[in-house]
Amino acid sequence: MRVNRETLSKALRAAVPKSLPVCVSFLFLALSYGVLMGTKGFSFVWPMCMSAFIFTGSMEFVTVNLLLSAFNPIAAFLLAIMIGARHIFYGISMLGKYRNMGVKKFYLIYGLCDETFAVNSGAKIPQGVDHGWFYCFVTLLNQFYWVLGATLGGLLGERLSSLNTNGLEFILTGLFVVVFLDQWMSSERKSHMAALLGIVIPVICLTLTGSWFPRWSSCSCCSLRCGGIWMISNRRMGRMQEQARMRVWTR
Amino acid sequence: MTMETWQGVVTILMAVLGTVITRFLPFIVFPESERPPRVVEYLGKVLPYAMGGLLVVYSLKNVTPFSGTHGIPEAVAIAVIVALHVWKRSMLLSIAGGTAVYMLLVQVVF
């Protein structure tokens with residue numbers, strides 16, 4: 001396929017403003033991620049490569065801990081699958097939008113992080129702008145901000161090691177809490193149930209497995225278990241809602 | 001770092017592999033032109049909300065409610081985040097504020 005420069009520049013000009021909010025939060029988060037790695041004694045090459053290749057913030061923060069504990073590649077793999085499980089549902093939502101993208105599709109899927117999903121799934125693309133290139137540029141810009149922030153943070157962190165950064169890792173909790181709040185405040189009641197179950201079931205599992213702070217192995221199996229319980233209860237809930245709807249409808 | 005460099009690289013590659021699998025799976029299972037089943041569409045709508053909650057709990061798994069600081073710094077910092085976020089709805093402000101409070105608490109108070 002021949003690409004002319006006008007198509008590219010139009011798509012880029014449409015993509016930049018849409019990705020600006022992500023730019024600010026990515027630079028901030030990635031910077032703190034890089035600083036965290038730097039203060040733990042890693043060279044900036046580590047956060048740079050990890051942010052470019054793993055490219056999912058939560059797993060990168062988790063990988064810092066993995067790198068600092070005993071070598072366990074299988075636990076790393078399982079954790080990546082579990083933490084990344086949400087991507088499956090981003091993918092399902094983007095099946096239609098990423099259709100017929102040719103080679104670009106591989107990169108679009110590879111770079112489908114939370115923020116890119118948020119922008120691309122909700123974006124109103126101006127008329128005359130090529131959709132494929134728009135999605136591509138949003139993905140690329142977001143990844144660029146992230147890698148840039150992580151690298152700068154790594155460089156900064158190496159020099160900050162004398163500073164007391166104890167507690168900086170709370171940024172990750174903060175991110176998750178804010179994402180949770182955003183979902184909560186923007187959703188209808190049906191989703192509150194899912195959100196609450198997402199809190200309650202893991203807490204129960206953590207308590208049942210004997211400790212509130214399990215090792216990696218028990219952590220992974222309890223998360224799998226709670227995933228199963230959640231899906232069963234959710235199915236049942238869905239069926240009940242369907243029945244209720246039918247009842248209203250037949251009345 | 002406690003592990004060898006090659007072990008670190010393998011750990012990262014495993015993280016990459018796991019993440020890539022989660023991203024490509026739906027596009028492999030549901031090829032273009034086919035509509036996914038309704039259960040999958042339903043899950044696609046509600047599961048992200050539950051994942052949000054799971055991640056919050058996951059990131060707090062090292063908290064010890066019955067010893068140490070009893071999770072008080074975490075509770076206070078989360079309360080600050082909730083308050084800031086309900087008030088201003090600014091992701092940056094909420095995270096920065098909560099983390100600053102947390103760092104202050106663990107470094108100075110506790």
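Here are some short exercises with worked solutions on a predicted model.

**Exercise 1. Describe the fold and the packing of chain A.**

Start with the secondary structure. Chain A has eleven helices and zero strands. Reading along the sequence therefore gives the pattern α-α-α-α-α-α-α-α-α-α-α.

Next, look at burial. Chain A has 251 residues, and 50% of them count as buried.

Then turn to contacts. Among the contacts in chain A with a separation of 6 or more, 75% are between residues 24 or more positions apart.

Finish with the surface. The accessible surface of chain A is about 12,500 Å², and carbon and sulfur atoms make up 66% of it.

**Exercise 2. Find the residues that touch the most other members of the largest nonpolar core, and the helix that gives the most to this core.**

The largest nonpolar core holds 88 residues. Within this core, the residues touching the most other members are M37(A), M59(A), L67(A), L79(A) and F134(A). The helix that gives the most is helix 1 of chain A (residues 5–39), with twelve residues.

Now take one of these residues, F134(A), and list its contacts. Leaving out residues up to four places away in sequence, F134(A) touches A11(A), A14(A), A15(A), K18(A), N120(A), A123(A), I125(A) and V129(A).

**Exercise 3. Decide whether E115(A) is buried or exposed, and place it in the fold.**

First, locate the residue: E115(A) sits in helix 7 of chain A, which covers residues 114–122.

Second, apply the cut-off. Buried means under 20% relative accessible area, and E115(A) has 18% relative accessibility, so it counts as buried.

Third, list its partners. Setting aside neighbours within four places in sequence, E115(A) is in contact with V22(A), F26(A) and N142(A).

Last, check a distance across the sequence. E115(A) and P21(A) lie 94 residues apart in sequence, while their C-alpha atoms are 9.6 Å apart in space.

**Exercise 4. Examine F55(A) and N100(A), two residues with positive phi that are not glycines.**

Begin with F55(A), whose phi is about 50 degrees. F55(A) belongs to the loop between helix 2 (45–53) and helix 3 (57–68) of chain A. Its relative accessible area is 2%, so F55(A) is buried.

Continue with N100(A), whose phi is near 55 degrees. This residue lies in the loop between helix 5 (85–94) and helix 6 (104–110) of chain A. Exposed means over 50%, and because N100(A) has 65% relative accessibility, it counts as exposed.

**Exercise 5. Describe the length and the kink of helix 1 of chain B.**

Take the length first. Helix 1 of chain B (residues 5–29) has 25 residues. From its first C-alpha to its last the helix reaches 36 Å, close to the 36 Å expected at 1.5 Å a residue.

Now look along the helix for a bend. A kink of about 35 degrees is found at R23(B), shortly before the proline P26(B).

**Exercise 6. Size up the interface between chain A and chain B.**

Count the residues in contact: 89 from chain A and 74 from chain B.

Turn to area. The size of an interface is often given as the accessible area lost when the parts come together. Here the buried area is about 7,400 Å², with 77% from carbon and sulfur atoms. On the chain A side, F71(A), F89(A) and F170(A) supply 10% of the area that chain A buries against chain B, more than any other three residues.

Terms used: Residues numbered from 1 in each chain as written. Chains lettered and ligands numbered in written order. Predicted model: local features only at pLDDT ≥ 70, side-chain atom pairs only at ≥ 80, totals over all residues. Heavy atoms only, no water. Helix = DSSP H or I, 4+ residues; strand = E, 2+ residues; numbered from the N terminus. Buried < 20%, exposed > 50% of the residue type's maximum accessible area, 1.4 Å probe, protein only. Contact = heavy atoms within 4.5 Å. Core = buried A, V, L, I, M, F, W, Y, C linked by side-chain atoms within 4.5 Å. Areas by Shrake-Rupley, 256 points an atom, 1.4 Å probe, with all protein chains shown as cover. Expected span 1.5 Å × (residues − 1). Bend = angle between axes of the 7 residues up to and from the residue. Buried area = accessible area lost by both parts, 1.4 Å probe.
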